[in-house]
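I am opening a notebook on a structure that is new to me. I will write down what I looked up, one topic at a time.

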Amino acid sequence: MKLKIAIQKSGRLSEKSLDILKECGIKVSNSDRKLKTEAQNFPMEILFLRDDDIPQYVEQGVADIGILGENEVLERNKDVAIVERLGFGNCRMSLAIPKDDVYKNVSYFQGKKVATSYPKILRKFFIEKNINASIEEIGGSVEIATSIGLADGIFDIVSTGSTLLMNGLKEIETVLRSEAVLISNKNLSESKSAVLDKLLFRIKAFKNGARSKYIVLNAPNESLAEISKLIPGMRSPTVLPLSNSGWSSVHSVIEEDDFWNVIDALKGLGCEGILVMPIEKMIL
Ligand code: ATP
Ligand code: ZN
């Protein structure tokens, strides 16, 4: 049974969505940018859609799964399951106001008008904060809404904040942090669930690999016990004797997050010739 996946046709998430399928060993030829295509070596059909439509199609089962921004999933508010966070397409959704306005807290918005393309997310936020503000829904170019007198503030996606600055705005509240997610229809058949599990297994292997590095170093034997504690790897490091007596070669896996601290500590233990290499896939 083919699993139908919906991805963004053209936009910020299109290429990365195809990349993640590629990383999972799934071959997709979409050179002619059709509406749909089949994977060559995996039971999958790929539908290219506008991201706004993906939640609805997945809810209805027109597509079984989909890749899109979590912000869009929340805004569409359809009955779908988020099954995996994908680690790309990161952005935040924030409130911004004219840069010279004084802002103390969210009560600033009491009785004010805010323009956005994401009214549902914003309404939920204002309800949680007990703010009575009116929401002006517009389709795009939200950042100009205050300068043309349409609204007192805006709520929009921010990545660096430079667009806000250019429009005389300042970011004052982050309401949501978003990244690309994999969503699924809630009533997949058994055979489709099995294909989804296979895909998830591969995505996790790729994500773990991207987060970790393979490390090889030369260590004085007297430090081996402490080094093993620092870089335990998946089960324990591999330790091989060097032909130089008193020294060993240690192989292990290290997490990206505390990378430099661990390297500093290893140097402190007398380690030399430290090599760090990318890991393509990691099966735990
Ligand atoms: P479509 O034509 O498919 O409707 P779109 O114009 O709605 O596309 P894009 O601008 O391609 O959407 O953005 C898709 C998603 O990328 C956003 O919903 C968000 O999750 C994510 N994203 C990441 N960084 C940014 C950013 N700086 N600006 C906008 N979206 C971003
Ligand atoms: Zn869209």
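**Pockets, zinc site and two loops**

I began with the second largest pocket, whose lining takes at least three residues from each of domain 1 (3–88 + 179–209) and domain 2 (91–178). I note that this is a predicted model.

I looked up the volume of the second largest pocket and found about 250 Å³. Its lining residues are Val-73, Leu-74, Asn-77, Lys-120, Ile-121, Lys-124, Phe-125, Glu-128, Val-175 and Leu-176. I then asked which elements give two or more residues to this lining. They are α3, α4 (119–128) and β10 (169–178). The largest share, five residues, comes from α4. Sorted by class, the lining of the second largest pocket holds six nonpolar residues, one polar residue and three charged residues.

**Domains**

I wanted the division of the chain in full. The protein chain has domain 1 (3–88 + 179–209), domain 2 (91–178) and domain 3 (212–278). Domain 1 is thus written as two segments, 3–88 and 179–209. For domain 1 and domain 3, I noted that their C-alpha centres are 38 Å apart.

**The largest pocket**

Next I turned to the largest pocket, which holds about 930 Å³ of space. It is lined by 32 residues, and those closest to its centre are Arg-12, Asn-71, Tyr-118, Asp-156 and Ile-157. The elements that contribute two or more residues to this lining are α3 (70–76), β9 (153–158) and α5 (162–166). Which element gives the most to the lining of the largest pocket? I found that β9 does, with four residues.

I sorted this lining by class as well. The lining of the largest pocket has nine nonpolar, 15 polar and eight charged residues. I also checked the domains behind it: domain 1 (3–88 + 179–209) and domain 2 (91–178) each supply at least three residues to the lining of the largest pocket.

**The zinc ion**

I looked up what coordinates the zinc ion (ligand 2). Asp-51 (OD) and Asp-52 (OD) do, at 1.9 to 2.0 Å. Why is the arrangement of the four donor atoms around the zinc ion (ligand 2) irregular? The angles they subtend run from 74 to 173°, and therefore the arrangement is irregular. To count as tetrahedral, four donors would need all angles between 85 and 135 degrees.

Are the two aspartates buried or exposed? Asp-51 has a relative accessible area of 14%, so I entered Asp-51 as buried. Asp-52 has 22%, so I entered Asp-52 as partly exposed. The cut-off for buried is under 20% relative accessible area.

**Two residues with positive phi**

Last, I looked at backbone angles. Most residues other than glycine have a negative phi.

Asn-130 is not a glycine, yet its phi is positive, at about 60°. I located Asn-130 in the loop between α4 and β8 (134–137). Its relative accessibility is 68%, so Asn-130 counts as exposed.

Ser-141 also has a positive phi, near 45°, and is a residue other than glycine. Where is Ser-141 found? It sits in the loop between β8 and β9. With a relative accessible area of 48%, Ser-141 is entered as partly exposed.

Definitions and conventions
Residues are numbered from 1 along each chain as its sequence is written. Chains are lettered from A and ligands numbered from 1 in the order in which they are written. This is a predicted model: local features need pLDDT of at least 70, side-chain atom pairs count only at pLDDT 80 or more; totals for chains, interfaces and linings use all residues. Side-chain values use heavy atoms; hydrogens and water are left out. Domain bounds come from an automatic or database domain assignment. Donors are N, O and S atoms within 2.8 Å of the metal (3.2 Å for Na, K and Ca); water is not among the atoms, so sites may look incomplete. Four donors count as tetrahedral if all angles lie between 85 and 135 degrees; four count as square planar and six as octahedral if opposite donors are over 155 degrees apart and all others between 65 and 115; anything else is irregular. Buried means under 20% relative accessible area, exposed over 50%, partly exposed in between (1.4 Å probe, protein chains only). On a 1 Å grid over the protein atoms alone, a cavity is a set of points where a 1.4 Å probe fits but cannot get out, and a pocket is an open set with protein on both sides within 12 Å along at least five of seven lines; lining residues have an atom within 4 Å of a point. Grid points are joined across faces, edges and corners, and a volume is the space filled by probe spheres set on the points. Ala, Val, Leu, Ile, Met, Phe, Trp, Tyr, Cys and Pro count as nonpolar, Asp, Glu, Lys and Arg as charged, and the others, Gly among them, as polar.
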